[in-house]
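This report describes the ligand shell, the domains, the nonpolar core and selected backbone features of one protein model. The sequence and structure are shown first.

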Amino acid sequence: MNKTALIIGSGLGGLATALRLEKNGYSVRIIEKENTAGGRLNILEKDGFTFDIGPSFFSMSYEFKELFDYLEIDIPFELNELNPLYTVFIEGNEKPYKIYKDLDKLAAEFKHIEPNFKKEVKKYLLGAKNVFHDTEYKIIKRNFDSLWQYMISMSTVPKKHLPKMFRTFWGELERYFESEDVKIIFSLVAFFLGATPFNTPAVYGLLNYTELEHDGYWNVKGGMYNIVRGILGLMKERDIEITYSTEIKNVDYKGDEINGFIDQDGKKWEADVYVVNADAAAFRGKMLGRKKYSEKKLDKMDWTLSPFTIYLGVKGKIPGIEHHNYFLGDNFKEYADTIFRTEVTPKKPYYYVNVASKSNPNCAPEGHENIFILCPVPDLRVKPDWSDAQTLADEIIEDLGSRVDYDIKNNIVSKTVYTPTEWQDKFNLYRGSGLGLAHGLKQIGALRPANKDEVFDNVYYVGASTHPGTGLPIVVIGSRLVTERILNEH
Ligand SMILES: Cc1cc2nc3c(=O)[nH]c(=O)nc-3n(C[C@H](O)[C@H](O)[C@H](O)COP(=O)(O)OP(=O)(O)OC[C@H]3O[C@@H](n4cnc5c(N)ncnc54)[C@H](O)[C@@H]3O)c2cc1C
(Lines give C-alpha, C1' and ligand atoms only; values in the text may rest on other atoms or scores of the structure.)
Protein backbone atom coordinates (compact mmCIF):
# COMPACT_ATOMS: atom_id res chain seq x y z
CA MET A 1 0.00 0.00 0.00
CA ASN A 2 1.13 3.58 -0.69
CA LYS A 3 2.41 5.66 2.19
CA THR A 4 0.07 8.53 3.07
CA ALA A 5 0.86 12.22 3.51
CA LEU A 6 -1.37 14.88 5.01
CA ILE A 7 -0.60 18.49 4.14
CA ILE A 8 -1.99 21.20 6.41
CA GLY A 9 -2.58 24.25 4.23
CA SER A 10 -2.84 24.76 0.48
CA GLY A 11 -0.40 27.66 0.04
CA LEU A 12 2.08 27.38 -2.82
CA GLY A 13 4.54 25.49 -0.60
CA GLY A 14 1.86 22.96 0.36
CA LEU A 15 0.62 22.49 -3.22
CA ALA A 16 4.13 22.03 -4.65
CA THR A 17 5.02 19.52 -1.93
CA ALA A 18 1.79 17.58 -2.60
CA LEU A 19 2.76 17.18 -6.27
CA ARG A 20 6.33 16.12 -5.47
CA LEU A 21 5.27 13.55 -2.87
CA GLU A 22 2.60 12.10 -5.17
CA LYS A 23 5.23 11.76 -7.89
CA ASN A 24 7.19 9.61 -5.41
CA GLY A 25 4.30 7.25 -4.74
CA TYR A 26 2.66 8.92 -1.75
CA SER A 27 -1.10 9.07 -1.46
CA VAL A 28 -1.63 12.76 -0.57
CA ARG A 29 -4.48 14.72 1.02
CA ILE A 30 -4.59 18.45 1.78
CA ILE A 31 -6.72 20.24 4.34
CA GLU A 32 -7.31 23.96 4.05
CA LYS A 33 -9.08 26.34 6.44
CA GLU A 34 -10.30 28.65 3.66
CA ASN A 35 -12.71 27.69 0.88
CA THR A 36 -10.15 28.30 -1.89
CA ALA A 37 -6.63 27.00 -2.48
CA GLY A 38 -3.44 29.06 -2.78
CA GLY A 39 -3.09 30.78 0.62
CA ARG A 40 -1.67 34.25 0.04
CA LEU A 41 -1.52 33.48 -3.69
CA ASN A 42 -5.29 33.86 -4.00
CA ILE A 43 -8.03 35.74 -5.81
CA LEU A 44 -10.98 37.97 -5.09
CA GLU A 45 -13.82 37.95 -7.61
CA LYS A 46 -16.16 40.90 -7.17
CA ASP A 47 -18.41 43.21 -9.25
CA GLY A 48 -17.12 41.75 -12.53
CA PHE A 49 -13.43 42.21 -11.55
CA THR A 50 -10.89 39.49 -10.68
CA PHE A 51 -8.10 40.60 -8.37
CA ASP A 52 -4.94 38.70 -7.44
CA ILE A 53 -5.00 39.48 -3.73
CA GLY A 54 -1.30 39.02 -2.90
CA PRO A 55 1.74 38.23 -5.06
CA SER A 56 1.84 40.04 -8.37
CA PHE A 57 5.30 39.11 -9.72
CA PHE A 58 8.32 36.99 -8.81
CA SER A 59 12.01 36.53 -9.47
CA MET A 60 13.85 33.23 -10.14
CA SER A 61 11.18 31.93 -12.53
CA TYR A 62 13.41 28.92 -13.21
CA GLU A 63 12.33 27.46 -9.85
CA PHE A 64 8.86 26.93 -11.33
CA LYS A 65 10.46 25.28 -14.36
CA GLU A 66 12.47 23.05 -12.01
CA LEU A 67 9.24 21.96 -10.24
CA PHE A 68 7.50 20.90 -13.44
CA ASP A 69 10.65 19.34 -14.91
CA TYR A 70 10.82 17.25 -11.73
CA LEU A 71 7.23 16.18 -12.34
CA GLU A 72 8.13 15.52 -16.01
CA ILE A 73 5.29 17.66 -17.31
CA ASP A 74 4.91 20.96 -19.13
CA ILE A 75 4.48 24.04 -17.00
CA PRO A 76 0.67 24.48 -16.72
CA PHE A 77 0.66 28.29 -17.01
CA GLU A 78 2.36 30.85 -19.20
CA LEU A 79 5.21 32.94 -17.79
CA ASN A 80 5.54 36.54 -18.86
CA GLU A 81 8.73 38.57 -18.33
CA LEU A 82 8.24 42.13 -17.06
CA ASN A 83 9.75 44.86 -19.22
CA PRO A 84 10.16 47.42 -17.78
CA LEU A 85 10.47 45.68 -14.43
CA TYR A 86 8.54 48.46 -12.66
CA THR A 87 8.02 52.22 -12.54
CA VAL A 88 8.91 54.41 -9.56
CA PHE A 89 7.14 57.68 -8.78
CA ILE A 90 9.04 59.79 -6.22
CA GLU A 91 7.26 62.78 -4.68
CA GLY A 92 8.53 66.07 -6.09
CA ASN A 93 10.02 64.55 -9.27
CA GLU A 94 8.66 65.69 -12.60
CA LYS A 95 8.42 62.25 -14.08
CA PRO A 96 8.62 58.62 -12.88
CA TYR A 97 11.66 56.37 -13.46
CA LYS A 98 11.18 53.25 -15.55
CA ILE A 99 13.37 50.46 -14.24
CA TYR A 100 14.76 48.31 -17.06
CA LYS A 101 16.96 45.23 -17.01
CA ASP A 102 18.71 46.65 -20.03
CA LEU A 103 21.46 48.71 -18.37
CA ASP A 104 21.77 51.16 -21.29
CA LYS A 105 18.10 52.00 -21.02
CA LEU A 106 18.37 52.22 -17.23
CA ALA A 107 21.41 54.50 -17.50
CA ALA A 108 19.36 56.77 -19.78
CA GLU A 109 16.66 57.01 -17.08
CA PHE A 110 19.26 58.11 -14.54
CA LYS A 111 21.56 60.19 -16.80
CA HIS A 112 20.59 63.55 -15.22
CA ILE A 113 21.19 62.32 -11.66
CA GLU A 114 23.90 59.64 -11.95
CA PRO A 115 26.15 60.30 -14.97
CA ASN A 116 28.49 57.37 -14.21
CA PHE A 117 25.63 54.97 -13.63
CA LYS A 118 26.52 52.25 -16.14
CA LYS A 119 30.13 51.91 -15.00
CA GLU A 120 29.20 51.90 -11.31
CA VAL A 121 26.20 49.60 -11.59
CA LYS A 122 28.28 47.00 -13.39
CA LYS A 123 30.77 46.97 -10.52
CA TYR A 124 27.98 46.90 -7.93
CA LEU A 125 26.12 44.05 -9.65
CA LEU A 126 29.29 42.00 -10.05
CA GLY A 127 29.75 42.01 -6.25
CA ALA A 128 26.07 41.13 -5.75
CA LYS A 129 26.30 38.35 -8.34
CA ASN A 130 29.26 36.78 -6.57
CA VAL A 131 27.39 36.77 -3.25
CA PHE A 132 24.36 35.16 -4.90
CA HIS A 133 26.27 32.36 -6.60
CA ASP A 134 28.61 31.78 -3.65
CA THR A 135 25.68 31.26 -1.25
CA GLU A 136 22.99 29.76 -3.49
CA TYR A 137 23.89 26.12 -2.87
CA LYS A 138 25.70 26.58 0.45
CA ILE A 139 22.96 28.45 2.33
CA ILE A 140 19.70 28.53 0.36
CA LYS A 141 19.26 25.34 -1.64
CA ARG A 142 20.18 22.73 0.94
CA ASN A 143 18.88 21.20 4.14
CA PHE A 144 20.67 21.60 7.47
CA ASP A 145 20.60 18.87 10.11
CA SER A 146 22.27 20.94 12.81
CA LEU A 147 23.58 24.37 13.67
CA TRP A 148 27.06 22.95 13.44
CA GLN A 149 26.53 21.81 9.86
CA TYR A 150 25.19 25.28 9.02
CA MET A 151 28.22 27.00 10.55
CA ILE A 152 30.55 24.75 8.56
CA SER A 153 28.69 25.55 5.37
CA MET A 154 28.79 29.29 6.18
CA SER A 155 32.55 29.06 6.75
CA THR A 156 33.04 27.84 3.17
CA VAL A 157 31.51 31.04 1.73
CA PRO A 158 34.50 33.04 0.36
CA LYS A 159 35.90 35.43 2.99
CA LYS A 160 35.86 38.34 0.53
CA HIS A 161 32.11 38.70 1.24
CA LEU A 162 32.67 39.20 4.97
CA PRO A 163 32.66 43.04 4.90
CA LYS A 164 29.18 42.84 3.33
CA MET A 165 27.93 41.13 6.49
CA PHE A 166 28.93 44.12 8.59
CA ARG A 167 28.18 46.96 6.19
CA THR A 168 24.54 48.01 5.70
CA PHE A 169 22.72 47.67 2.40
CA TRP A 170 22.52 51.49 2.21
CA GLY A 171 26.21 51.81 3.10
CA GLU A 172 27.08 49.49 0.20
CA LEU A 173 24.94 51.54 -2.23
CA GLU A 174 26.69 54.71 -1.06
CA ARG A 175 30.02 53.28 -2.19
CA TYR A 176 28.81 53.21 -5.80
CA PHE A 177 26.05 55.79 -6.29
CA GLU A 178 25.78 59.51 -5.58
CA SER A 179 22.11 60.00 -6.26
CA GLU A 180 19.60 59.58 -3.46
CA ASP A 181 16.94 58.38 -5.94
CA VAL A 182 19.12 55.56 -7.30
CA LYS A 183 19.95 54.41 -3.77
CA ILE A 184 16.29 54.52 -2.76
CA ILE A 185 15.15 52.54 -5.79
CA PHE A 186 17.85 49.87 -5.36
CA SER A 187 17.10 49.50 -1.68
CA LEU A 188 13.35 48.84 -2.02
CA VAL A 189 14.04 45.09 -2.08
CA ALA A 190 15.21 45.28 1.57
CA PHE A 191 11.60 45.75 2.67
CA PHE A 192 10.68 42.32 1.20
CA LEU A 193 13.10 40.83 3.73
CA GLY A 194 11.39 42.49 6.67
CA ALA A 195 14.02 45.14 7.21
CA THR A 196 15.10 48.57 6.01
CA PRO A 197 18.23 49.24 3.95
CA PHE A 198 19.61 51.01 7.01
CA ASN A 199 19.60 47.93 9.23
CA THR A 200 20.00 45.02 6.83
CA PRO A 201 23.43 43.75 5.71
CA ALA A 202 24.88 44.51 2.31
CA VAL A 203 24.88 40.82 1.31
CA TYR A 204 21.22 41.27 0.37
CA GLY A 205 22.31 43.39 -2.56
CA LEU A 206 22.12 39.95 -4.20
CA LEU A 207 18.42 40.73 -4.70
CA ASN A 208 19.40 43.62 -7.02
CA TYR A 209 21.40 41.10 -9.01
CA THR A 210 18.37 38.76 -9.24
CA GLU A 211 16.09 41.55 -10.44
CA LEU A 212 18.44 43.55 -12.70
CA GLU A 213 20.70 40.98 -14.24
CA HIS A 214 19.99 37.37 -13.43
CA ASP A 215 16.39 36.40 -14.18
CA GLY A 216 14.43 39.65 -13.79
CA TYR A 217 10.79 39.66 -12.75
CA TRP A 218 7.97 37.60 -14.14
CA ASN A 219 4.23 37.27 -13.82
CA VAL A 220 1.69 34.90 -15.29
CA LYS A 221 -0.43 35.41 -18.37
CA GLY A 222 -4.08 35.74 -17.42
CA GLY A 223 -3.25 36.52 -13.76
CA MET A 224 -1.15 35.07 -10.97
CA TYR A 225 -3.94 32.76 -9.82
CA ASN A 226 -3.37 30.71 -12.99
CA ILE A 227 -0.45 29.17 -11.06
CA VAL A 228 -2.93 27.72 -8.57
CA ARG A 229 -5.50 26.82 -11.24
CA GLY A 230 -2.78 24.96 -13.18
CA ILE A 231 -1.66 23.05 -10.10
CA LEU A 232 -5.25 22.20 -9.10
CA GLY A 233 -5.78 20.71 -12.57
CA LEU A 234 -2.73 18.47 -12.11
CA MET A 235 -3.86 17.46 -8.64
CA LYS A 236 -7.24 16.38 -9.99
CA GLU A 237 -5.54 14.10 -12.52
CA ARG A 238 -3.47 12.64 -9.68
CA ASP A 239 -6.30 12.14 -7.17
CA ILE A 240 -4.85 14.59 -4.67
CA GLU A 241 -7.87 15.73 -2.73
CA ILE A 242 -8.26 19.07 -0.93
CA THR A 243 -10.78 19.33 1.90
CA TYR A 244 -11.74 22.98 2.27
CA SER A 245 -13.13 24.96 5.23
CA THR A 246 -11.30 22.62 7.59
CA GLU A 247 -8.92 24.06 10.14
CA ILE A 248 -6.49 22.09 12.27
CA LYS A 249 -7.06 23.19 15.84
CA ASN A 250 -5.37 20.53 17.90
CA VAL A 251 -3.03 17.58 17.93
CA ASP A 252 -3.27 14.09 19.38
CA TYR A 253 0.11 12.81 20.60
CA LYS A 254 1.80 10.81 23.31
CA GLY A 255 5.47 11.53 24.08
CA ASP A 256 7.23 11.81 20.74
CA GLU A 257 4.55 9.78 18.89
CA ILE A 258 1.90 11.68 16.97
CA ASN A 259 -1.50 10.04 16.35
CA GLY A 260 -3.04 12.74 14.19
CA PHE A 261 -4.20 16.33 13.89
CA ILE A 262 -7.69 17.37 14.92
CA ASP A 263 -9.93 19.83 13.08
CA GLN A 264 -12.54 22.30 14.38
CA ASP A 265 -15.24 19.60 14.42
CA GLY A 266 -13.12 17.17 16.42
CA LYS A 267 -12.36 14.96 13.42
CA LYS A 268 -8.93 13.30 13.60
CA TRP A 269 -6.74 13.33 10.45
CA GLU A 270 -4.11 10.60 10.32
CA ALA A 271 -1.26 9.88 7.93
CA ASP A 272 2.22 8.36 7.79
CA VAL A 273 3.78 11.78 7.23
CA TYR A 274 2.48 15.28 8.00
CA VAL A 275 3.60 18.47 6.24
CA VAL A 276 2.59 21.73 7.88
CA ASN A 277 2.20 24.62 5.43
CA ALA A 278 0.78 26.95 8.09
CA ASP A 279 3.34 29.38 9.57
CA ALA A 280 6.19 27.18 10.86
CA ALA A 281 6.92 29.32 13.92
CA ALA A 282 3.36 30.17 15.01
CA PHE A 283 2.11 26.58 14.43
CA ARG A 284 4.80 25.17 16.70
CA GLY A 285 3.80 27.62 19.42
CA LYS A 286 0.02 27.63 19.13
CA MET A 287 -0.66 24.04 18.08
CA LEU A 288 2.22 22.11 19.59
CA GLY A 289 2.74 24.27 22.68
CA ARG A 290 6.51 24.60 22.14
CA LYS A 291 8.03 27.01 24.68
CA LYS A 292 10.57 28.35 22.18
CA TYR A 293 7.60 29.59 20.14
CA SER A 294 5.35 30.92 22.93
CA GLU A 295 3.46 34.11 22.09
CA LYS A 296 5.99 36.09 24.11
CA LYS A 297 8.90 34.60 22.17
CA LEU A 298 7.12 34.90 18.81
CA ASP A 299 6.51 38.58 19.55
CA LYS A 300 10.23 39.08 20.12
CA MET A 301 11.14 37.65 16.73
CA ASP A 302 11.57 39.85 13.65
CA TRP A 303 8.59 39.73 11.31
CA THR A 304 8.04 41.27 7.89
CA LEU A 305 5.64 44.19 7.57
CA SER A 306 1.88 43.67 7.28
CA PRO A 307 -0.01 44.32 4.08
CA PHE A 308 -2.73 46.96 3.93
CA THR A 309 -4.35 46.14 0.60
CA ILE A 310 -7.01 47.87 -1.51
CA TYR A 311 -8.72 46.28 -4.51
CA LEU A 312 -10.35 48.86 -6.79
CA GLY A 313 -12.48 48.54 -9.88
CA VAL A 314 -12.30 51.90 -11.64
CA LYS A 315 -14.32 53.24 -14.58
CA GLY A 316 -12.19 54.49 -17.47
CA LYS A 317 -8.63 53.87 -18.61
CA ILE A 318 -5.76 55.62 -16.80
CA PRO A 319 -2.94 56.56 -19.18
CA GLY A 320 -0.46 57.86 -16.59
CA ILE A 321 0.23 54.53 -14.91
CA GLU A 322 1.97 51.27 -15.86
CA HIS A 323 1.35 47.67 -14.75
CA HIS A 324 3.80 47.67 -11.76
CA ASN A 325 4.43 50.92 -9.89
CA TYR A 326 5.89 52.19 -6.63
CA PHE A 327 4.73 55.52 -5.20
CA LEU A 328 7.23 56.98 -2.72
CA GLY A 329 7.32 60.18 -0.69
CA ASP A 330 10.21 62.58 -0.21
CA ASN A 331 11.28 61.46 3.30
CA PHE A 332 12.63 57.96 2.63
CA LYS A 333 15.00 57.58 5.58
CA GLU A 334 12.60 58.97 8.13
CA TYR A 335 9.79 56.81 6.72
CA ALA A 336 11.92 53.65 6.72
CA ASP A 337 13.01 54.33 10.29
CA THR A 338 9.48 54.60 11.66
CA ILE A 339 7.40 52.26 9.50
CA PHE A 340 8.21 49.14 11.56
CA ARG A 341 7.49 50.72 14.91
CA THR A 342 4.83 53.39 14.76
CA GLU A 343 1.30 52.69 15.88
CA VAL A 344 0.03 55.72 14.04
CA THR A 345 -1.23 55.16 10.51
CA PRO A 346 1.39 56.60 8.14
CA LYS A 347 0.47 60.17 7.14
CA LYS A 348 1.92 60.21 3.68
CA PRO A 349 2.05 56.49 2.89
CA TYR A 350 4.42 54.75 0.48
CA TYR A 351 2.70 52.10 -1.60
CA TYR A 352 2.87 49.71 -4.54
CA VAL A 353 0.23 49.70 -7.29
CA ASN A 354 -0.48 46.90 -9.75
CA VAL A 355 -2.85 47.63 -12.63
CA ALA A 356 -3.47 44.11 -13.86
CA SER A 357 -5.89 45.27 -16.56
CA LYS A 358 -2.92 46.90 -18.39
CA SER A 359 -1.81 43.47 -19.57
CA ASN A 360 -4.71 41.18 -18.69
CA PRO A 361 -7.94 42.66 -20.09
CA ASN A 362 -10.05 39.74 -18.81
CA CYS A 363 -9.69 40.83 -15.19
CA ALA A 364 -11.87 43.94 -15.61
CA PRO A 365 -15.01 44.81 -17.62
CA GLU A 366 -14.27 46.68 -20.86
CA GLY A 367 -13.30 50.31 -20.35
CA HIS A 368 -12.32 49.74 -16.70
CA GLU A 369 -9.08 49.30 -14.74
CA ASN A 370 -8.38 46.68 -12.10
CA ILE A 371 -6.15 48.30 -9.45
CA PHE A 372 -4.42 46.52 -6.56
CA ILE A 373 -2.72 48.73 -3.98
CA LEU A 374 -0.35 47.37 -1.36
CA CYS A 375 0.80 49.63 1.43
CA PRO A 376 3.22 47.93 3.86
CA VAL A 377 2.28 48.88 7.44
CA PRO A 378 3.37 47.88 10.96
CA ASP A 379 2.08 44.50 12.13
CA LEU A 380 -0.60 43.93 14.78
CA ARG A 381 1.94 43.86 17.63
CA VAL A 382 2.60 47.53 16.96
CA LYS A 383 -0.76 48.68 15.62
CA PRO A 384 -3.58 46.36 16.71
CA ASP A 385 -6.45 48.76 15.98
CA TRP A 386 -7.43 49.24 12.36
CA SER A 387 -10.68 51.14 12.89
CA ASP A 388 -9.07 53.97 10.86
CA ALA A 389 -8.70 51.73 7.78
CA GLN A 390 -11.07 53.74 5.59
CA THR A 391 -9.20 56.97 6.33
CA LEU A 392 -5.90 55.43 5.21
CA ALA A 393 -7.57 53.90 2.13
CA ASP A 394 -9.11 57.28 1.19
CA GLU A 395 -5.78 59.05 1.66
CA ILE A 396 -3.99 56.59 -0.61
CA ILE A 397 -6.70 56.77 -3.27
CA GLU A 398 -6.64 60.58 -3.18
CA ASP A 399 -2.82 60.61 -3.41
CA LEU A 400 -2.77 58.11 -6.27
CA GLY A 401 -5.40 60.05 -8.23
CA SER A 402 -3.44 63.29 -7.96
CA ARG A 403 -0.14 61.65 -8.91
CA VAL A 404 -1.47 59.96 -12.05
CA ASP A 405 -3.78 62.87 -12.84
CA TYR A 406 -7.04 60.88 -12.90
CA ASP A 407 -10.14 61.25 -10.75
CA ILE A 408 -9.98 57.74 -9.31
CA LYS A 409 -12.11 58.56 -6.26
CA ASN A 410 -15.22 59.47 -8.26
CA ASN A 411 -14.87 56.59 -10.72
CA ILE A 412 -14.69 53.71 -8.25
CA VAL A 413 -17.22 50.96 -9.03
CA SER A 414 -15.79 48.30 -6.70
CA LYS A 415 -13.74 48.69 -3.53
CA THR A 416 -12.45 46.16 -0.98
CA VAL A 417 -9.93 46.78 1.79
CA TYR A 418 -7.99 44.11 3.73
CA THR A 419 -6.24 45.35 6.86
CA PRO A 420 -3.56 43.31 8.69
CA THR A 421 -6.44 41.88 10.78
CA GLU A 422 -8.07 40.33 7.70
CA TRP A 423 -4.70 38.95 6.54
CA GLN A 424 -4.11 37.44 9.97
CA ASP A 425 -7.57 35.90 10.22
CA LYS A 426 -7.78 34.58 6.67
CA PHE A 427 -4.53 32.64 6.48
CA ASN A 428 -3.35 32.46 10.11
CA LEU A 429 -0.53 34.91 9.40
CA TYR A 430 1.16 35.73 12.70
CA ARG A 431 0.14 39.26 13.80
CA GLY A 432 -0.80 39.82 10.15
CA SER A 433 2.83 39.72 8.96
CA GLY A 434 2.61 39.55 5.16
CA LEU A 435 5.72 37.59 4.26
CA GLY A 436 6.24 35.74 7.57
CA LEU A 437 9.46 35.74 9.56
CA ALA A 438 12.02 38.34 8.48
CA HIS A 439 15.32 37.35 6.86
CA GLY A 440 17.89 38.99 9.10
CA LEU A 441 21.06 36.95 9.70
CA LYS A 442 19.60 35.62 12.99
CA GLN A 443 16.62 34.07 11.20
CA ILE A 444 18.04 32.30 8.16
CA GLY A 445 19.55 28.88 7.44
CA ALA A 446 19.63 26.65 10.54
CA LEU A 447 18.56 29.65 12.64
CA ARG A 448 15.12 29.74 10.96
CA PRO A 449 12.43 27.32 12.26
CA ALA A 450 13.53 24.04 10.65
CA ASN A 451 11.55 22.16 7.99
CA LYS A 452 11.66 19.06 10.23
CA ASP A 453 9.94 19.00 13.62
CA GLU A 454 12.18 18.87 16.69
CA VAL A 455 10.08 16.18 18.44
CA PHE A 456 7.90 14.24 15.99
CA ASP A 457 9.95 12.43 13.39
CA ASN A 458 7.13 12.39 10.83
CA VAL A 459 6.13 16.08 11.01
CA TYR A 460 7.67 18.51 8.50
CA TYR A 461 7.19 22.13 7.46
CA VAL A 462 7.09 24.02 4.18
CA GLY A 463 6.39 27.68 3.42
CA ALA A 464 7.39 31.25 4.15
CA SER A 465 8.56 30.99 7.78
CA THR A 466 10.66 27.84 7.49
CA HIS A 467 13.91 27.31 5.58
CA PRO A 468 14.82 28.70 3.05
CA GLY A 469 12.22 31.46 3.41
CA THR A 470 9.54 33.60 1.84
CA GLY A 471 8.51 34.55 -1.70
CA LEU A 472 7.02 32.33 -4.40
CA PRO A 473 10.22 30.83 -5.90
CA ILE A 474 11.72 30.36 -2.43
CA VAL A 475 8.76 28.34 -1.11
CA VAL A 476 9.01 26.23 -4.28
CA ILE A 477 12.67 25.55 -3.35
CA GLY A 478 11.36 24.76 0.16
CA SER A 479 9.01 22.15 -1.30
CA ARG A 480 12.00 20.46 -2.94
CA LEU A 481 14.06 20.48 0.26
CA VAL A 482 11.27 19.11 2.44
CA THR A 483 10.48 16.39 -0.10
CA GLU A 484 14.14 15.35 -0.20
CA ARG A 485 14.12 15.10 3.59
CA ILE A 486 10.93 13.04 3.70
CA LEU A 487 12.16 10.65 1.02
CA ASN A 488 15.49 10.21 2.83
CA GLU A 489 13.93 9.61 6.21
CA HIS A 490 10.80 7.52 5.44
C1 LIG B 1 0.06 41.13 0.01
C2 LIG B 1 1.19 40.18 -0.34
C3 LIG B 1 1.93 40.39 -1.50
C4 LIG B 1 2.96 39.51 -1.83
N5 LIG B 1 3.63 39.73 -3.00
C6 LIG B 1 4.56 38.85 -3.40
C7 LIG B 1 5.14 38.97 -4.69
O8 LIG B 1 4.82 39.89 -5.46
N9 LIG B 1 6.06 38.04 -5.05
C10 LIG B 1 6.41 36.99 -4.24
O11 LIG B 1 7.25 36.16 -4.63
N12 LIG B 1 5.85 36.84 -3.02
C13 LIG B 1 4.93 37.73 -2.59
N14 LIG B 1 4.32 37.57 -1.38
C15 LIG B 1 4.77 36.46 -0.51
C16 LIG B 1 4.15 35.15 -0.94
O17 LIG B 1 2.77 35.30 -1.08
C18 LIG B 1 4.41 34.09 0.12
O19 LIG B 1 5.81 34.00 0.43
C20 LIG B 1 3.95 32.70 -0.32
O21 LIG B 1 2.72 32.75 -1.02
C22 LIG B 1 3.83 31.85 0.93
O23 LIG B 1 3.37 30.56 0.61
P24 LIG B 1 3.26 29.45 1.73
O25 LIG B 1 3.60 28.16 1.10
O26 LIG B 1 4.00 29.87 2.95
O27 LIG B 1 1.71 29.38 2.06
P28 LIG B 1 0.61 30.42 2.59
O29 LIG B 1 0.28 31.32 1.48
O30 LIG B 1 0.95 30.97 3.90
O31 LIG B 1 -0.60 29.41 2.76
C32 LIG B 1 -0.75 28.61 3.92
C33 LIG B 1 -2.15 28.04 3.89
O34 LIG B 1 -2.36 27.30 5.09
C35 LIG B 1 -3.68 27.53 5.55
N36 LIG B 1 -3.70 27.28 6.98
C37 LIG B 1 -3.05 27.97 7.94
N38 LIG B 1 -3.28 27.42 9.16
C39 LIG B 1 -4.07 26.33 8.94
C40 LIG B 1 -4.64 25.36 9.80
N41 LIG B 1 -4.42 25.38 11.12
N42 LIG B 1 -5.43 24.39 9.26
C43 LIG B 1 -5.65 24.36 7.91
N44 LIG B 1 -5.13 25.27 7.05
C45 LIG B 1 -4.34 26.24 7.56
C46 LIG B 1 -3.94 28.99 5.20
O47 LIG B 1 -5.32 29.28 5.14
C48 LIG B 1 -3.25 29.11 3.84
O49 LIG B 1 -4.13 28.81 2.79
C50 LIG B 1 3.28 38.42 -1.00
C51 LIG B 1 2.54 38.21 0.17
C52 LIG B 1 1.50 39.07 0.50
C53 LIG B 1 0.69 38.82 1.73
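## Ligand shell, domains and backbone features

Helix 1 makes the largest contribution to the shell around the ligand, with 3 residues. The model is a predicted one. Helix 1 (12-23) is joined by strand 14 (306-315) and helix 16 (472-489), each of which supplies at least two residues of that shell. In total, 36 residues surround the ligand, and those that come nearest are Gly9, Gly11, Gly13, Gly39 and Gly463. By residue class, the shell comprises 16 nonpolar, 15 polar and 5 charged residues.

**Domains and core.** The domain assignment of the protein gives domain 1 (4-35 + 244-300 + 440-489) and domain 2 (102-215). Their C-alpha centres are 31 Å apart. The contact between them takes 11 residues from domain 1 and 12 residues from domain 2. On the side of domain 1 that touches domain 2, the residues divide into 5 nonpolar, 4 polar and 2 charged.

In soluble globular proteins, nonpolar side chains tend to be buried together. The largest nonpolar core of this model has 137 residues, of which Ile8, Ala18, Val276 and Val353 touch the most other members. Helix 16 provides the largest share of this core, with 8 residues. Because domain 1 and domain 2 both give residues to the core, it lies between them. Leaving aside residues up to four places away in sequence, Val353 touches Ile321, Asn325, Phe327, Ile371, Ile373 and Leu400.

**Strand pairing.** An open sheet is formed by 3 strands in the order 10-11-12, with antiparallel pairing. Strand 10 (248-254) and strand 12 (268-269) are its edge strands, each pairing on one side only. Strand 10 and strand 11 (residues 257-263) run antiparallel and are joined by 6 bridges. Asn250 stands opposite Ile262 of strand 11.

Strand 3 (residues 43-46) and strand 4 (residues 49-52) also pair in the antiparallel sense, over 4 bridges. Here Glu45 has Thr50 of strand 4 as its bridge partner. The hairpin of these two strands has 2 residues between them, and Asp47 takes a positive phi near 50 degrees there.

**Backbone features.** Two residues that are not glycines have a positive phi, as the table shows.

| Residue | Phi | Location | Other C-beta atoms within 10 Å |
|---|---|---|---|
| Asp47 | about 50 degrees | loop between strand 3 and strand 4 | 13 |
| Asn428 | about 55 degrees | loop between helix 15 (420-427) and strand 19 | 19 |

Asp47 is classed as partly exposed because 13 other C-beta atoms lie within 10 Å, and a residue counts as exposed at 12 or fewer and as buried at 20 or more. Asn428, with 19 such atoms, is likewise partly exposed.

Cis peptide bonds occur before Pro84 and before Pro468. One joins Asn83 and Pro84, with omega about 0 degrees, and Pro84 is found in the loop between strand 5 (79-81) and strand 6 (86-90). The other runs from His467 to Pro468, with omega near 0 degrees. Pro468 is placed in the loop between strand 19 (459-461) and helix 16. Helix 16 also supplies at least two residues of the ligand shell and gives the largest share of the core.

Notes
Residues are numbered from 1 along each chain as its sequence is written. This is a predicted model: local features need pLDDT of at least 70, side-chain atom pairs count only at pLDDT 80 or more; totals for chains, interfaces and linings use all residues. A residue is near a molecule or strand if its C-beta atom, placed from the backbone, lies within 6 Å of it. Ala, Val, Leu, Ile, Met, Phe, Trp, Tyr, Cys and Pro count as nonpolar, Asp, Glu, Lys and Arg as charged, and the others, Gly among them, as polar. Two strands pair if DSSP finds at least two bridges between them. Domain bounds come from an automatic or database domain assignment. Two residues are in contact if their C-beta atoms, placed from the backbone, lie within 7 Å. A nonpolar core is a set of buried Ala, Val, Leu, Ile, Met, Phe, Trp, Tyr and Cys residues joined through C-beta atoms within 7 Å.
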